[in-house]
Amino acid sequence: MKLTKGKLLYSCILVCLIVLIFSSCNRFVPDQQETSDNSVNNPSEYILGAHYFGNEWPITFWSSEFYNIDADMQKIKNDGFNTVVLVIPWGEFQPSIEPIRYNDDIFKRLKYVVNKADSNNLKVIVRIGYAWDFDPEVQYPNAERFEKLYINSKFYGAWLDYVSKVKNELAQFHNVTFGFLTWEDFWGIVEKSLHMDSLDGRINYAREVGYQDYLKKNYNLSDISKIYGQSFVSFDQIPTPKQKEKAMGLMYEFFDETLINKYYLPARERFGNLSLEVRVDSDPVYDSNGQINWYSHKKTYNLPNSSYTTIYYSPSMGAENNRNEESSNRVLGRLDSILNNVKQNAGNNKIFIDQFLYYDNTPAFSHNTKIKSNELSTFIERSYDSLKKYTSGYALWNYKDYAANTVYNSAFEIGFKGWETNNIKLIKNDGDNAVEVNERGWISQTIPKSRDFYHDYSEYVNLHFFAKAVNRISTIQLSVGDWKVQQKIDNEWKNYNFKIPVSQLDKYDLKFTSLSNKFVLDDIYLYSFIQKGKVYDVNGDSDTLLDSIKNLNQKLNTKNKLIDLYELDLNKMGNSRNINDLFDGASYIEEDKNGKYVWVSKESGFRIKKENDRNLIDIEGYLPYSLHEKYNGVKSVTMELYINKKKVNEYTFTKDSPISIKLKWDEIGGKSNVADIRIKMNSEFNPSLHGESDKRDLSIIIKSIKQLK
C-alpha cells in the first residue's frame with residue numbers, strides 16, 4: 001500500500017518455534033585422527049535476525065511487490081542485523097501433489113530475494129514448510145496438507161521432494177546458512193484428536209495417523225490398558241485419547257517420536273544443514289484424580305546431526321497468564337531459567353531463538369502475561385546477559401508491524417492470478433504493476449471470511465487501496481460481501497480508506513467496478529488486525545523499541561568485538577586461547593605433526609593493523625578440496641577475498657591445495673592503517689550430517705597470518 005507513495009507492510013501471526021540439534025564432542029581434523037580435547041565452543045558469528053515479509057505477510061508475501069527490497073535490506077543491516085529469515089510455504093511452492101508440480105515463478109522470486117540479501121551483505125535462514133498461503137491453485141491447501149502427511153504416502157513423498165527442491169534451488173547461494181522445519185506445522189493431528197467426540201472416529205484416526213502402530217511397537221496391551229483405565233484385547237481398539245485423559249502423555253510421545261524419525265531425519269538427509277523448531281511449551285497430562293502433570297518435549301531438543309537448537313520465546317512461558325503484567329526483573333529471571341533448561345537438554349548444540357517475542361498483541365493470547373509497558377526497553381537491553389550466556393542467535397518476527405491482509409496478489413505482481421476481470425488491462429506504475437479499469441469494467445476476488453483469522457476479535461474490517469482516475473474524475477462502486485458504496489476517484493494517486501462493520505459481512509468477496517471513466521488501481525488491503533512489535537510501525541516509521549533493539553544488536557555483534565591483530569602465528573599461541581577474539585568464524589586451535597592450525601567456516605574474517613616496517617600481509621592455510629567433494633559433491637571450490645568491503649580477488653580450487661595469499665599494504669588503499677579482511681567460500685561441510693562426530697561447519701584451514709617486509 002502506498003502511503004505518501006510508500007508501501008504498507010502486512011504480515012501474519014506465527015507461533016515461535018524451536019530448532020534443537022545434537023552432536024558429539026569429538027572433533028574433525030585434517031588427518032582424521034583424534035587430538036586432545038580443547039573443549040572450546042565453535043564461536044561463529046552471533047545470528048542477529050529479522051523475518052522479512054516485504055510489503056505483505058507470510059501468507060501472501062511471495063506474490064507481493066519487491067520494488068523497495070534494497071532499501072528494506074539496508075534498513076535491516078543498518079539496525080545491526082546480519083540475517084533475514086524467509087518463510088517458504090509448502091503449498092505455494094509445490095501447488096500440485098498429484099502429480100508433483102512446482103511453481104517455477106515463485107522459486108525465481110525466492111532466489112531474487114536471497115540474492116538481494118547477499119548483495120546487501122545479509123545472511124539468510126529459511127523456514128521450510130510453512131502451512132499457510134492463499135494461492136488459489138494449491139491442491140489440498142493449508143493444514144489439510146500436513147495432516148495428509150501422516151496418512152497418505154503420496155503426500156509424504158511429495159513433501160520430501162519439496163524439501164530436496166528447496167535445497168537444490170538454494171545451493172548456489174553461499175549466504176544461506178541453514179534451514180529449519182517447525183513442530184507447529186505437524187501439530188494439527190494433536191489438536192484435531194483433542195476435539196473428536198465419536199469413539200469410532202477416534203479409533204479410526206488413531207489407525208490412520210499411525211498412533212496405534214506406535215503403541216504396538218513400544219508398549220504391550222496390558223500397559224496401555226492400565227494407562228487408559230480400560231481393557232483392550234487388540235491394538236486396533238485403541239482410540240486417540242481425550243484431552244483430560246492420562247493417555248494424552250502417549251499421544252505427545254507419539255508426536256515427538258514421529259516428528260523426529262518420520263519428518264526431521266529424512267528431511268535432514270535431503271537438505272543437509274537442517275534444523276527443527278521444537279515445542280518448548282509443556283503440555284498438561286491429567287491423572288485419574290484430575291491433577292496435572294506436565295509433559296515436556298525436551299527429548300526432541302538434542303536433535304541428531306544438526307547444528308542449532310532453535311526455540312521461540314515469550315514472556316508468557318512459565319507465567320500465570322491471567323491478563324497480568326510483570327516487572328522486567330521477574331520476566332528476565334524466567335528467561336534465564338528457560339534458556340538454561342533448553343541448553344541443558346540440547347547437548348552441545350547452539351541455541352537460536354527464531355522468534356524473540358517480548359511483546360505480543362495477538363487477540364487470542366490477550367490473557368497471556370505481559371511485561372509492564374514502561375519496562376519493555378529495560379527487558380530488551382538486559383536480556384543481553386542471558387542471550388549471550390546460552391544462545392548463538394535470535395530473530396524478531398515483528399521487525400515491522402503488519403496487517404493480516406486477506407487479498408491474494410493484492411498489487412498484481414503476478415498478473416491477474418487470483419482475480420476475475422472484465423475490460424481491464426495490466427499496466428506499469430513507477431516500475432511495479434497496476435491495473436487500468438475501463439468504463440464499465442470490473443475486477444473481483446472471491447474471499448471467504450475464514451481468511452480473516454481475527455474477525456471474531458474485531459469490530460471493523462479495514463479496506464485500503466490506491467487509485468487515480470485517467471484524464472477525468474471516475475466514479476466507481478466498491479463491494480465487500482453485501483456491503484457496497486460509490487466513490488469518486490481523483491486524477492492524482494490517493495489512498496482510499498473504509499471501515500466496514502464485521503457484523504455486516506458473511507463473506508469478504510471484493511469487487512471494484514467503474515461506473516464512469518477509467519481508473520487505475522493498485523495495492524489493495526482488506527484486514528481487521530495489525531500485529532505489532534514496536535520496532536517499526538505499519539508505515540515503516542520508527543517506534544518506541546527501535547533504539548533498544550539496536551543497542552542489543554550492537555552488544556551481541558561479535559564482529560564488533562574483534563581485536564586488531566598484528567599477526568596470527570598459531571604456533572606461538574596456547575590451545576586454550578579463544579581465537580575468535582581475533583578471527584571471526586574460526587573454531588579452536590588444533591595441532592598435528594605439521595604444527596598448529598584452525599578450521600574456519602564459510603564466511604570468516606579478521607582486522608589487521610599495519611606495522612610500520614612491514615609491506616605485506618601473508619595468509620597461509622590449506623583448502624581440503626577432497627573433503628568438499630566428498631561431503632557436498634562439488635566440482636570446484638571458490639574463495640572470494642574482500643578488503644574493507646571491496647572484493648579484490650577470487651580463487652578456484654579443483655584439488656587439495658595450500659593457500660598462500662600475499663597482499664601489499666600500499667595496494668589496499670585508504671588512509672587507515674587497519675584492513676578489514678573477509679574470506680567467503682562457496683562451500684562448507686558439517687561432518688556430523690554424514691554420520692561423523694564433528695558437528696562444526698568447516699570450510700578451510702588457516703595456519704598463520706603474518707606481516708612481512
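This passage describes a helix pair, a strand hairpin and the internal cavities of a predicted model.

Helix 5, which spans residues 153-170, packs against helix 11, which spans residues 248-271; their axes come within 9 Å and cross at roughly 35°. The crossing of helix 5 past helix 11 is right-handed. On the side of helix 5, the contact is made by Tyr156, Trp159, Leu160, Val163, Ser164, Val166 and Lys167. Helix 11 contributes Lys262, Tyr263, Pro266, Ala267, Arg270 and Phe271. Sorted by class, the residues of this contact are nine nonpolar, one polar and three charged.

A second element is built from strand 6 (residues 283-286) and strand 7 (residues 292-295), which pair in the antiparallel sense over four bridges. Within this pairing, Tyr286 stands opposite Ile292 of strand 7. The two strands form a hairpin, with five residues between strand 6 and strand 7. In the turn of the hairpin, Gly290 has a positive phi of about 85°.

The remaining feature is empty space inside the model. Rolling a probe the size of a water molecule over the atoms shows where such space is left. Five cavities of 30 Å³ or more were counted. The second largest cavity has a volume of about 100 Å³. This cavity is lined by 13 residues, of which Ser314, Pro315, Asp360, Thr369 and Lys370 are the closest to its centre. By class, the lining of the second largest cavity comprises seven nonpolar, four polar and two charged residues.

Notes: Residues are numbered from 1 along each chain as its sequence is written. This is a predicted model: local features need pLDDT of at least 70, side-chain atom pairs count only at pLDDT 80 or more; totals for chains, interfaces and linings use all residues. Side-chain values use heavy atoms; hydrogens and water are left out. Axes are lines fitted to C-alpha atoms, for helices over the stretch in contact, and angles run from 0 to 180 degrees between N-to-C directions. A crossing is left-handed if the near helix is turned anticlockwise from the far one by less than a right angle, and right-handed if clockwise. Contact means heavy atoms within 4.5 Å. Ala, Val, Leu, Ile, Met, Phe, Trp, Tyr, Cys and Pro count as nonpolar, Asp, Glu, Lys and Arg as charged, and the others, Gly among them, as polar. Two strands pair if DSSP finds at least two bridges between them. On a 1 Å grid over the protein atoms alone, a cavity is a set of points where a 1.4 Å probe fits but cannot get out, and a pocket is an open set with protein on both sides within 12 Å along at least five of seven lines; lining residues have an atom within 4 Å of a point. Grid points are joined across faces, edges and corners, and a volume is the space filled by probe spheres set on the points.
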